[in-house]
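Open the model in your viewer and keep the selection box handy. We will walk from strand to strand, then into a cavity, and finish in a few loops.

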Amino acid sequence: MKASQRREEILKVAGSNEGPASVENLASRFGVTASTIRRDLARLSAEGSLARTFGGAMVVREREQPLRERSREHHAAKSAIGRWAASTVRDGDAVLLDAGTTTAEVARALTIRTRLSVATTGLTPLAAISGVEGIDVVCLGGRLREISQGFVGPLTEAALESMTFDSVFFGADGVTAERGVCEATLEQTRLKELMWRSSRETYVVAHAAKIGHAPFHAWMRMPKDWTLITDDQVSDSQLAPFHERNIAVVVVNEDGMQVR
């Protein structure tokens, strides 16, 4: 069997009702080594077809969009969210920014501030804020996920161990009141958990289409106290579960002003 055919079969197995497909079972099924299966899973994960789990993989419900596609969507809402989010930052603060297009808008809005220290795991926020006078910029490097333009992995995690922050701003592929922040891979959610543990205040910046949305299987466990910042296209029914759990919610209009 050709490698491309094997990967197609892996997708079928991972998408069956049997649950996540383990490396060992797949290797036995196709008569190849575990390392060959891991390479197949890595490629399928990079393509957005699979979500890696511990020891295996499972099919994602939706395709993970490359950052270049997401950057063209909901720009006005992201910009408004970014401006309000930046207003919570005080001069002299240390701020941590997640990778993503909405966090890039937070970074862009921070460029008018002074005496800030801003660390980020994403190339997009880094590009938005680098070279600004009065802002000390730290890039938390590691392995670059091309699809999201964000750094992940042990090097990124190790960098966080010696730093603390006044606030962290997270992006998300989806966010629910019940489970928290949804991402395409466990590697991303693991990093997010380390990020909020390093920060005093936690914010999630997500436009209305992401509220209540759960496109993938990897989740970040949220701290007890956190704030969701979204735009005014969000419905009352979308926000009801957050209010029921006493999660702070800020809704902003296109001018970046809080309206709910």
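Start by selecting Thr227, which stands opposite Ala248 in E15. Helices and strands here are DSSP runs numbered from the N terminus, with at least four residues for a helix (H or I) and at least two for a strand (E). You are looking at a predicted model, in which local features need pLDDT of at least 70, side-chain atom pairs count only at pLDDT 80 or more, and totals for chains, interfaces and linings use all residues. Residues are numbered from 1 along each chain as its sequence is written, and side-chain values use heavy atoms, with hydrogens and water left out.

**Around strand E14**

Keep Thr227 selected and add Tyr203, whose bridge partner in E14 is Thr227. Now show the neighbouring strands: E14 pairs with E15 in the parallel sense over 5 bridges, and with E12, also in the parallel sense, over 3 bridges. Two strands count as paired if DSSP finds at least two bridges between them.

Which way do the side chains of E14 point? Thr227, Ile229 and Asp231 point one way, while Leu228 and Thr230 point the other way. In a regular strand the side chains alternate between the two faces of the sheet. Switch on a surface next: 5 of the 5 residues of E14 are buried, so the strand is largely enclosed by the rest of the structure. Buried means under 20% relative accessible area, exposed means over 50%, and partly exposed is in between (1.4 Å probe, protein chains only).

**The parallel sheet**

Zoom out to see the open sheet to which E14 belongs: 7 strands in the order E6-E5-E4-E9-E12-E14-E15, with parallel pairing. Strand E6 (135-139) and E15 stand at the edges with a single partner strand each, so one side of each has no neighbour in the sheet. From one strand to the next, the twist averages 20°. Angles here run from 0 to 180 degrees between N-to-C directions, and axes are lines fitted to C-alpha atoms, for helices over the stretch in contact.

Select residues 94-97 and 116-120 to see E4 and E5, which pair in the parallel sense over 4 bridges. Within this pair, Leu96 has Ala119 of E5 as its bridge partner.

Two helices are worth adding. Helix H5 (residues 75-87) packs on the sheet, touching E9, E12, E14 and E15, and its direction makes about 140° with that of E14. H9 also packs on the sheet, where it touches E4, E9 and E12, with a direction at about 150° to that of E9. Contact means heavy atoms within 4.5 Å.

**The antiparallel sheet**

Stay with H9, which also lies across E11 and E13, running at about 5° to E13. These strands belong to an open sheet of 3 strands in the order E10-E11-E13, with antiparallel pairing. Its edges are strand E10 (174-176) and strand E13 (218-220), and the twist averages 30° from one strand to the next. E10 and E11 pair over 3 bridges; select Gly174 to find it opposite Cys182 in E11.

**The cavity**

How many cavities of 30 Å³ or more are there? The count is 1. A cavity is a set of points on a 1 Å grid over the protein atoms alone where a 1.4 Å probe fits but cannot get out, and lining residues have an atom within 4 Å of a point. The largest cavity has a volume of about 240 Å³, the volume being the space filled by probe spheres set on the points, which are joined across faces, edges and corners. Select Asp98, Ala99, Glu183, Gln188 and Lys192, the closest to its centre of the 24 lining residues. H9 gives the most to the lining, with 4 residues.

**Loop stops**

Next, select Thr185, in the loop between strand E11 (180-183) and helix H9 (186-197). Thr185 is buried, at 7% relative accessible area. A polar contact of 2.9 Å joins its side chain to that of Gln188; such a contact is a pair of N or O atoms within 3.5 Å, and within protein one must be able to donate a hydrogen and the other to accept it, with residues adjacent in sequence counted only if both atoms are side-chain atoms. Not counting residues up to four places away in sequence, Thr185 touches Ser45, Arg145 and Ala218.

Finish at Asn246, between helix H10 (236-244) and strand E15 (248-252). Is Asn246 buried or exposed? Asn246 counts as exposed, at 72% relative accessibility. Its phi is positive, about 55°, although Asn246 is not a glycine. Most residues other than glycine have a negative phi.

Terms used:
1 Å grid on protein atoms, 1.4 Å probe; cavity = no way out; pocket = protein on both sides within 12 Å on 5 of 7 lines; lining within 4 Å.
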